[in-house]
Amino acid sequence: MQLDKDSLDIVKNVQKPSLFRITSIKEDVLSIEPIDENTDIYGNILIYSDTKEYVFDFAFANKDRIDYLFFLNANDYAIETIAKPKRKNHTIESFFKEIHDRIDDFEYRQEQVELAKKIYHSFKQKRIGVFEAPTGTGKSFAYLVPSILYSLENSKRIAISTSTINLQKQLIEKDIPLLKTIVDFNVKLAVGRGNYLCKRRLDSILEKGDIFLFENDLHLKLKEFAKFSNTGLKSELFDKDSAIIDENIWENINSSSITCARSKCKYYKNKCFYYKAQKLLESANIIVANHHIVLSDALLSEASILPDYDIIVFDEAHNLEKNATNYFTQTVSTAELKHILDKLYSKKRKKQSGLLSLSKDMSKIGSALHSIESAKEILKKESEIFEKEKSEISIDSSNIEKYKIHIENIIKAVDNAAASIKNIKEYFEENDFVDISSYIQRLVENCDILIDFIENKNQESIRWLKPSNSYVHFNITPINVADYLQEKIYEKAESTIFTSATISVNNSFDFFKKNIGINESETFIAKNNFNYKKLSKLLILKDAPPPNAYNYTDYLRFSILNIKDIIYKENLGALILFTSYKMLNETYNKVYNTLEKVGLSVLKQGDFDNFKLLGEFKKNRGFLFATSSFWEGVDIKGDALSLVFITRLPFDVPSTPIEKSRYKIMESQGINSFFEYSLPKAVLKFRQGFGRLIRSSKDKGIIIVSDSRIASKSYGKIFTNSLPDITKEMVVKNEIKDSVCSFFGCC
Ligand code: SF4
């Protein structure tokens, strides 16, 4: 057994004794990384020492935290394996049994263990896995347990990525601390770079005495924070101090790849918050991240906080395509360009501000200042041209000429400003010019995107523009993100796992796999843990008029008012889901007065922010009328949500340029966009809406679908077949009340 060359070089440059973590063992060759005093001890460890006594003492003190222990002789670099200290060896089953023994209300679920084994198997086989786990499976433990075991057994780093903050919080605050009571492992949360304070930028601003920092003694608070904080995280600053730091201030002092001076910065080596956090992440078995961080790492790894990982698990994987489409969209807005130019130089009522006002000799930089002011004027003038456009516009060869000259004017003005600033470097301190250069780089990058926008070099993308107040956004969106994801993520990881409660359509993963670019994979759909036949019923209103009929909302009014007494008498909560605000408002206006007179709480999306709205609904029950985001992510257990009313099958109307273009492209390729895209998308959303109802084995409730296409159209079966085994009943409007009543046993 020996060290690889790089590891040997590291060892030769350290003091004895030193500790190292084994990062890989391949054919008797070890790779190592140093462990400093801040790093947790766990896994396979190598000790470089003059004496074995130290090694034995260490083994004794850490016996529950380490696996293999190696001793590296300081004289001849020979490696000796010291017997493995006793650490309990778990299998997937024994791990779950121990959770069950230790936690009072933890149910041992066969499906959960089965899923965990499948995930572990995919890790071992180095394969991609696509796994659906319905609500109640205990999905997070089903991937955390195999991830922890596999990481510890094989010294692998595993990233777990979520789409929502709520799930990330659940993992970090609830699930992982619980699992840590059974097996010790190292877990770290990855936070985006912009959340860390940059000490160099703060020093520079404090030195200049920027006036904004002196309001409310913010400069003193920041100085103290930079000195005493362990993390340098913005969130910690907020916790410690109730004063909210303005985003405009934070962006002048946070860490970013373009303002970082790296080895030229005195903090770089071991005092920079960001680089310290990055180092700590390298020591983790499990890194909890989110799709945004993973995608940014894929796009621009040098700007990312994530170290290389061996395996990645995407939870809430149904959102990955949407997240990736947003993330891989390149956007330039005239508002952002103006903002950057303001940061460089601004003059209001003879008062000068911005980085260029730090010049050693303002008299020498007049032409650069003039080019910035003139670029801003041109931005304003050219943005006005787009103001009259009312909505998002697709750009193609038929209309680019109309806008080309205006975009070229913007490029010319911004480019000219950037070029003139580059020429005045000598009139600034080196430290100040690091920040100025970062803004120049952003201007140049924006101009490059605008050039691509005009020239349409990438045929595989959609160009579109969006007017917004007095500004305009230019966007380039890839038509499909599958290739990007494949090349940047799956090909790099040994194994990639996708999991969600809703990713299959009609028991097939084809739609999901095609959209995110997977060919071969292991798949598994965990059985439902809930007895839906007993807990719920699906009521289909077969005499409902088509959703686009003039009298459709009258039909909804009748149906809703028909069940109002049951909701009131039984003190239940009913979520009425729409696909458009128009239909929501029309229906709401038709029923509001009557429902209120009964004494029911009647809420609609937009009354409060979503968090407060759900809180009010849980407290007061009654009716909640909602659309868009409420089809997923609402997690209300018990009677507070006992009825979900789906007013319309959730087919997307292709109204955005991205959707329109995707449909057009599919049709031009002879693909039936309805069956291949629109229908599976609607089925997934329908399943998500359905999934709001039963959140625990103690829940009970009814789903009403008033879109009769589910019964009359041949594709309707795809919707119903995608649901769990549930009692279905077809009724006409006069039968609704009796049917709902008999389910809740109130008549
Ligand atoms: S190393 Fe970079 S991010 Fe860290 S303090 Fe220095 S400039 Fe800021």
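1. Let's start with P17, which sits in the loop between α1 (5-12) and β2. In this predicted model, the peptide bond leading from K16 into P17 is cis, and its omega is near -15 degrees. As background, most peptide bonds are trans. If you plan to build on this loop, here is the spot to look at: the K16 to P17 bond.

2. Just after that loop comes β2 (residues 18-26), which pairs with β4 (residues 43-49). The two strands run in the antiparallel sense, and four bridges hold the pairing. To find the register on screen, take R21: its bridge partner in β4 is I45.

3. These two strands belong to a wider arrangement. Which order do the strands follow? The open sheet has six strands, in the order β1-β3-β2-β4-β5-β6, and its pairing is mixed. At the edges are β1 (2-3) and β6 (79-82), each of which pairs on one side only. As a reminder for reading such a sheet, side chains in a regular strand alternate between its two faces.

4. Now the whole chain. The protein has 28 helices and 26 strands, and its C-alpha atoms fill a box of roughly 85 × 75 × 55 Å along the principal axes. Why does a radius of gyration of 30 Å fit a compact globule? For 747 residues, such a globule would come out near 27 Å, so the 30 Å of this protein agrees with the rule.

5. On the domain level, the division gives domain 1 (2-82), domain 2 (330-478) and domain 3 (532-744). Between the C-alpha centres of domain 2 and domain 3 there are 45 Å. Their contact takes six residues from domain 2 and five residues from domain 3. On the domain 2 side, β15 (393-395) and β16 (461-468) are the elements that give two or more residues. That side divides into three nonpolar residues, two polar ones and one charged.

6. β16 deserves a second look for its partner. It pairs with β17 in the antiparallel sense over eight bridges, and S461 stands opposite P478 in β17. The two strands form a hairpin with two residues between them, and N469 in the turn has a positive phi of about 50 degrees. On its own account, β17 (residues 471-478) is also joined by four bridges to β12 (residues 330-333), again antiparallel. In that pairing, T331 stands opposite N475.

7. Another backbone angle to check is at E316. What sign does the phi of E316 have? It is positive, about 50 degrees, although E316 is not a glycine. For context, most residues other than glycine have a negative phi. You will find E316 in the loop between β11 (311-314) and α13 (320-328).

8. The ligand site next. How many residues surround the ligand? There are 13, and the closest are C198, R200, C260, C265 and C272. Among the elements, α7 (199-208) and α11 (273-282) are those that give two or more residues to this shell. By residue class, the shell divides into nine nonpolar, one polar and three charged. Keep in mind that cysteine is counted as nonpolar here.

9. Finally, a simple check on helix geometry. Helix α24 (residues 657-668) has 12 residues, and at 1.5 Å a residue it should span 16 Å. Its end C-alpha atoms are 16 Å apart, so the span agrees with the expected one. After α24 comes G670, with a positive phi near 75 degrees.

Notes. Residues numbered from 1 in each chain as written. Predicted model: local features only at pLDDT ≥ 70, side-chain atom pairs only at ≥ 80, totals over all residues. Domains from an automatic or database assignment. Contact = placed C-beta atoms within 7 Å. Near = placed C-beta within 6 Å. Expected span 1.5 Å × (residues − 1). Pairing = 2+ DSSP bridges. Rg over C-alpha atoms; globule rule 2.2 N^0.38 Å.
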